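Good morning, everyone, and thank you for making the time. I would like to walk you through one model today, going slowly enough that anyone new to it can follow along on the screen.

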Amino acid sequence: MFEHLIAKYQSELLHLAMSYLNDYQLAQDCVQEIFIKAYKKIDPDKDQAALRKWLKICTVNRCKSILRSAFWRRMVFWEHDRIKSVSAATRDEYPKLDDTGVLDKVMRLPIKYREVIVLHYYQDMTLQDISVVLKISHEAAKSRLRRAKEQLKVMLEGDNWNE
């Protein structure tokens, strides 16, 4: 059962972790830690939808924990330019978006806006599910999504205007 769980959700959780961390190796480590946690606490009779949501919540929380860590702050200080641009691994994961330039713009959004865009459009989550995962109200999730789309629109229009 556990192998089935990994096969089913590994790619999805890796995409989610990549959207936060923008580092393929860190995202892999994060997802591996989540599966270890799941192995220790998994209930075989748990509903698949509830299990998927729990895995996403754990992934988001672990990513946020990594971003708050002293290690990450030092890494951001030394590799500031690398964090602002989309890594090659991220481009491999979303090749269609890379051609349009949308992915680069999404990854440049502040984390609180980037996370709602990724969860809603790339992970196909409803606003209600996003509010549960991020531990915010439904209205806050709706507001963040609207603001994120506004910022993304400005960024994309700015590119077209300059060309």
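**How the helices pack**

Let me begin with one pair of helices, α1 and α9, which pack at an angle of about 160 degrees with their axes 10 Å apart. An angle over 145 degrees counts as roughly antiparallel, and α1 and α9 are therefore roughly antiparallel to each other. Their crossing is right-handed, and the contact is made on the α1 side by Leu16, Ser19 and Tyr20, and on the α9 side by Ile111, Arg114, Glu115, Val118 and Leu119. Before going further I should say that this is a predicted model, and everything I describe should be heard with that in mind.

Stepping back to the whole chain, we have eleven helices and zero strands, so please keep in mind as you look at the screen that the elements, from the N terminus on, run α-α-α-α-α-α-α-α-α-α-α. Of the 163 residues of the protein chain, 40% count as buried. If we take the contacts between residues at least 6 apart in sequence, 66% of them join residues at least 24 apart.

The second pair I would like to show is α1 with α2, where the packing angle is about 140 degrees and the axes lie 8 Å apart, which makes α1 oblique to α2. Here, too, the crossing is described as right-handed. The list of residues that meet is a long read, so I will pick out some: on the α1 side they include Phe2, Leu5, Ile6 and Tyr9, and on the α2 side they include Tyr24, Leu26, Ala27 and Cys30.

Between these two helices, in the loop that joins α1 and α2, sits Asn22. Its phi is near 55 degrees, a positive value in a residue other than glycine, and with a relative accessible area of 3%, Asn22 is buried. A second loop residue invites comparison, namely Lys135, found between α10 and α11, which has a positive phi of about 60 degrees although it is not a glycine. Is Lys135 buried or exposed? Its relative accessible area is 62%, so Lys135 is exposed.

**The nonpolar core**

In soluble globular proteins, nonpolar side chains tend to be buried together. In this model the largest nonpolar core has 40 residues, and among them Leu55, Ile130 and Leu134 touch the most other members. The elements that give two or more residues to this core are α1, α2, α3, α9, α10 and α11, and α1, which we have already met twice, gives the most, with nine residues.

Which residues does Leu134 contact, once we leave aside its neighbours within four places in sequence? They are Tyr20, Val60, Lys64, Glu115, Val116, Leu119 and Arg144. Several buried residues belong to α9, where Tyr113, Arg114, Glu115, Val116, Ile117, Val118 and Leu119 are buried. After α9 comes Asp124, whose phi is positive, near 55 degrees.

**Cysteines and pairs far apart in sequence**

A disulfide is a covalent bond between the sulfur atoms of two cysteines. How many disulfides does this structure hold? The count is zero. Cys58 is in no disulfide, and the nearest cysteine sulfur to its own, that of Cys30, is 9.7 Å away. Cys63 is also in no disulfide, and for it the nearest cysteine sulfur is again that of Cys30, here 3.7 Å away. The cut-off for a disulfide is 2.5 Å between sulfur atoms, so the distance of 3.7 Å for Cys63 does not qualify. Both cysteines are buried, Cys58 with a relative accessible area of 8% and Cys63 at 0%.

I will finish with two pairs that the sequence alone would not show you. Val102, in helix α8, is partly exposed at 22% relative accessibility, and although Val102 and Leu156 are 54 residues apart in sequence, their C-alpha atoms are 7.5 Å apart in space. Gln128, in helix α10, is likewise partly exposed, at 45% relative accessibility, and its C-alpha atom is separated by 8.0 Å from that of Ala141, 13 residues apart along the chain.

Thank you for listening, and I am happy to go back to any part of the picture.

Methods: Residues numbered from 1 in each chain as written. Predicted model: local features only at pLDDT ≥ 70, side-chain atom pairs only at ≥ 80, totals over all residues. Heavy atoms only, no water. Core = buried A, V, L, I, M, F, W, Y, C linked by side-chain atoms within 4.5 Å. Buried < 20%, exposed > 50% of the residue type's maximum accessible area, 1.4 Å probe, protein only. Helix = DSSP H or I, 4+ residues; strand = E, 2+ residues; numbered from the N terminus. Contact = heavy atoms within 4.5 Å. Axes fitted to C-alpha atoms, helices over the stretch in contact; angles between N-to-C directions. Parallel < 35°, antiparallel > 145°, perpendicular 65-115°, else oblique. Left-handed = near helix turned anticlockwise from the far one by under 90°.
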